[in-house]
Structures are given as structure tokens and as C-alpha cells.
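Q: Could you take me through one part of this structure in detail? I would like a close look at a single strand and what surrounds it.

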Amino acid sequence: MAVHQGISGKVIVPMATCVFVVLMLLLVMGKPVMCQETNVLISNAMPGEALTLHCHSRDNDLGVHTVAYLATYQFNFQVNFWGTTLFTCDFTATNHPTSLGLIVFQGPSYQHGPWICVNQCNWSAYEYGFYLNGRYQASWPKLGTDTNVSTST
């Protein structure tokens, strides 16, 4: 490592060394480095119903989409450096007009709730509720009660 002495006599450390030290400190503090792509796939398994969804993270609003019966909607992203990526979706359907908000993906840095999908999150919407990778997560709310639900195990 080259250390240089400036005109004023102060020690100057090259920028690459500073960046390396900061990255090492973050790794030692338990902050994961994420680089793999994650895919979220949402399927509508409700005969005769259209599923309307609005997915977003703090940094990305994916807009409102309508998914026909047996059709899918999907999006891809990379988990941020700190592992704090969080995507939620708000759902309504033809026979379920009350909004349901679900966390569809949460990064590994979250201490609350399960992190039960890593690179592939397969959500299925049924008349009676939502499944993630084949495991029941939440039911539709009763009429007149908008609900925000995190995933359960």
C-alpha cells in the first residue's frame, strides 16, 4: 500500500484503499453483498376474476397491472447492497374489491418476518387467499377492511 506525504506534511491515503477499508468494515458488520437477481411471479388462479395489483418498493413504482385468470405478472430486480430491498403489492379482484397489501419480497437484513423466497418468489392468488411457493400466506380481507399483511409461516 502506497502512502504519500502531501505538501503540508499530512499523510495521504489513496482513494482505492479507503474504498477497500469501507467495504471490509461493512462485511465485518454483517452487511451482505447482494448481486443475484430475484424474480417475483404473480399468478391469477381465480376463475372468472381479474386480479389488479400495484407493486412497489421505496425506489421503484411498477404501476398498476390487471392479470386475467390463468395469466401471470412478473418483475425482476437485484437486492440492494445492504439486503434491505422490500417490495409490497396491493391487490384487488373482481369479487374481492377490498384492498390487500402484502410484502411479496423482503431482503435478508430484515429481522422481522420470514424470508421464504430467495431468487424465485412464486405467488398465486386464489378465491380464498394467497400462496407463496406453495405455502399459504394470507386470506382476502372482509369487505370494508383494507388490510396490510406481512407474510406468515
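A: Here is a walk along one strand, its partner, and the pocket beside the chain's pairings. Please keep in mind that this is a predicted model.

Let's start with β6, which covers residues 72-78. Its side chains alternate: Y73, F75 and F77 are buried and point to one face, while T72, Q74, N76 and Q78 point to the other face and are not buried. As a general matter, side chains in a regular strand alternate between the two faces of the sheet.

Next comes the partner of β6. Strand β3, residues 37-44, runs antiparallel to β6, and seven bridges join the two. One of the residues involved is V40, whose bridge partner in β6 is F75; F75 is also among the buried side chains of the strand.

β6 also takes part in the largest pocket, where β6 and β7 (86-93) each supply at least two lining residues. The space in this pocket is about 220 Å³. Twelve residues line the pocket, and S57, D59, N80, T85 and L86 lie nearest its centre. By character, the lining has six polar, four nonpolar and two charged residues.

Finally, β7 leads us to a disulfide. C55 and C89 are bonded, with their sulfur atoms 1.9 Å apart. C55 sits in strand β4 (residues 51-56) and C89 in β7, so the disulfide ties together parts that are 34 residues apart in sequence. The torsion about the S-S bond of C55 and C89 is about 105 degrees, so this disulfide is right-handed. Both cysteines, C55 and C89, are buried.

Note on methods. Residues are numbered from 1 along each chain as its sequence is written. This is a predicted model: local features need pLDDT of at least 70, side-chain atom pairs count only at pLDDT 80 or more; totals for chains, interfaces and linings use all residues. Side-chain values use heavy atoms; hydrogens and water are left out. On a 1 Å grid over the protein atoms alone, a cavity is a set of points where a 1.4 Å probe fits but cannot get out, and a pocket is an open set with protein on both sides within 12 Å along at least five of seven lines; lining residues have an atom within 4 Å of a point. Grid points are joined across faces, edges and corners, and a volume is the space filled by probe spheres set on the points. Helices (H or I, at least four residues) and strands (E, at least two) are DSSP runs, numbered from the N terminus. Ala, Val, Leu, Ile, Met, Phe, Trp, Tyr, Cys and Pro count as nonpolar, Asp, Glu, Lys and Arg as charged, and the others, Gly among them, as polar. Buried means under 20% relative accessible area, exposed over 50%, partly exposed in between (1.4 Å probe, protein chains only). Two strands pair if DSSP finds at least two bridges between them. A disulfide is a pair of cysteine sulfur atoms within 2.5 Å.
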